[in-house]
Amino acid sequence: MSGEHGELPIAARVRRLEERLIAAGLATDEELDEILERVFTSASPVNGARMVARSWKDPDYRDRLLADGNAAAAELGFGAGTRGYLLKAVENTPDVHNMIVCTLCSCYPTALLGPSPSWYKSFAYRSRAVREPRAVLAEFGLELPDSTEIRVWDANSETRYLVLPLRAEGADEMDESELASLVTRNGLIGTAIR
Ligand code: FE
């Protein structure tokens, strides 16, 4: 990091930003603490994986997830972390693969996917995901047949996406926690099959 704040340690920069938000009346100290606690203690791809596993097990939950992502997240206890934006789940099928990007910055449902990886925020990913998604996926080791349609969803601060990956083989024989362990953060972004 360079520029005007480059001389300050990160903690001091964060504190300065917090003080400005508080001074401007945009947030209270308590609200900021609550947000930071949520992001750093509970935001994890394990949460999104649980929603996927439930969808694979329970077709009614899957329907509810696709109809109203926020309500489906709240059902599993992730309501607080997904407040303030519209959560849309996009389902992969044998014919359609979904991937998410924020072309502007790095919006995504942090409460369900954990802190975003640096590549998600990179200019290369943000620009290439829309221009040449198939090539980007191949670089992640995900080679899709030409017959598979790739849908790229551009997130923003109001609308954020969660990919519902293809149901795992043998899902019927596995319980929900076993299924959840098959789902990765990249699977939830759409840069891995699951
Ligand atoms: Fe963004």
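## A guided tour from tyrosine 161 to the iron site

Select tyrosine 161 to begin: once its neighbours within four places in sequence are left aside, tyrosine 161 is in contact with Leu87, Lys88, Val90, Ile100, Pro109, Trp153, Asp154 and Ala155. The model on the screen is a predicted one, and the values given at each stop are computed from its atoms. Colouring by secondary structure will show that tyrosine 161 belongs to strand β4, which covers residues 159–164. Is tyrosine 161 buried or exposed? Its relative accessible area is 9%, and because buried means under 20%, tyrosine 161 counts as buried.

**Along strand β4**

Stay in strand β4 and move the selection to leucine 164, which lies in that strand and counts as buried at 3% relative accessibility. Showing the surrounding side chains brings up the residues that leucine 164 touches, apart from those up to four places away in sequence: Val52, Ser55, Trp56, Arg62, Leu65, Leu66, Val90, Glu91 and Asn92. Val90 is worth labelling here, since Val90 is among the contacts of leucine 164 and also among those of tyrosine 161.

**To the iron ion**

From tyrosine 161, draw a distance to cysteine 102: the two residues are 59 positions apart along the chain, and their C-alpha atoms are separated by 9.9 Å. Cysteine 102 leads directly to the metal, for its SG atom is one of the donors that coordinate the iron ion. Which other atoms coordinate the iron ion? Selecting the ion together with its donors adds Cys105 through SG, Ser106 through N, and Cys107 through both N and SG, with the whole set at 2.2 to 2.7 Å. Read along the chain, these donors follow the spacing C-x2-C-S-C. If a surface is switched on at this point, cysteine 105 counts as partly exposed at 35% relative accessibility, and serine 106 likewise counts as partly exposed, at 27%.

**The loop at serine 44**

Next, select serine 44, which sits in the loop between α2 (29–42) and α3 (45–57). A polar atom of the serine 44 side chain lies 3.0 Å from the backbone nitrogen of valine 46, so that pair is within the 3.5 Å that a polar contact requires. Further along the sequence, serine 44 touches Thr110, Ala111, Leu112, Leu113 and Gly114, when residues up to four places away are not counted. For a sense of distance from the previous stop, measure back to leucine 164: serine 44 and leucine 164 are 120 residues apart in sequence and 16 Å apart in space, C-alpha to C-alpha.

**Helix α10**

Now pick alanine 180, whose place is in helix α10, residues 176–180. What does alanine 180 touch, not counting residues up to four places away in sequence? The partners are Ala49, Arg50 and Ala53, and alanine 180 itself counts as buried, at 13% relative accessibility. A second distance can be drawn to proline 45, which is 135 residues away along the chain, while the two C-alpha atoms are separated by 9.7 Å.

**Helix α1**

Move then to isoleucine 22, found in helix α1, residues 10–23. Isoleucine 22 counts as partly exposed at 30% relative accessibility, and, with residues up to four places away in sequence not counted, it touches Arg15, Ala27, Thr28, Asp29 and Leu32. Glutamate 34 is 12 residues from isoleucine 22 in sequence, and the pair are 14 Å apart in space, C-alpha to C-alpha.

**Stepping back to the whole chain**

Finally, clear the selection and colour the chain by domain, with domain 1 running over 4–41 and domain 2 over 43–189; the centres of the two domains, taken over C-alpha atoms, are separated by 29 Å. A cartoon view carries 11 helices and four strands, and the C-alpha trace spans about 55 × 35 × 25 Å along its principal axes. How does the radius of gyration fit a compact globule? A compact globule with 194 residues would be near 16 Å, and the chain has 18 Å, which agrees. Of those 194 residues, 40% count as buried, and the accessible surface comes to about 10,600 Å², of which 54% belongs to carbon and sulfur atoms. Among contacts with a separation of 6 or more, 66% are between residues 24 or more positions apart.

Methods
Residues are numbered from 1 along each chain as its sequence is written. This is a predicted model: local features need pLDDT of at least 70, side-chain atom pairs count only at pLDDT 80 or more; totals for chains, interfaces and linings use all residues. Side-chain values use heavy atoms; hydrogens and water are left out. Donors are N, O and S atoms within 2.8 Å of the metal (3.2 Å for Na, K and Ca); water is not among the atoms, so sites may look incomplete. Buried means under 20% relative accessible area, exposed over 50%, partly exposed in between (1.4 Å probe, protein chains only). Domain bounds come from an automatic or database domain assignment. Helices (H or I, at least four residues) and strands (E, at least two) are DSSP runs, numbered from the N terminus. The radius of gyration is taken over C-alpha atoms; the globule rule is 2.2 Å times the number of residues to the power 0.38. Contact means heavy atoms within 4.5 Å. Accessible areas come from the Shrake-Rupley method with a 1.4 Å probe; for residues, only the protein chains shown count as cover. A polar contact is a pair of N or O atoms within 3.5 Å; within protein, one must be able to donate a hydrogen and the other to accept it, and residues adjacent in sequence count only if both atoms are side-chain atoms.
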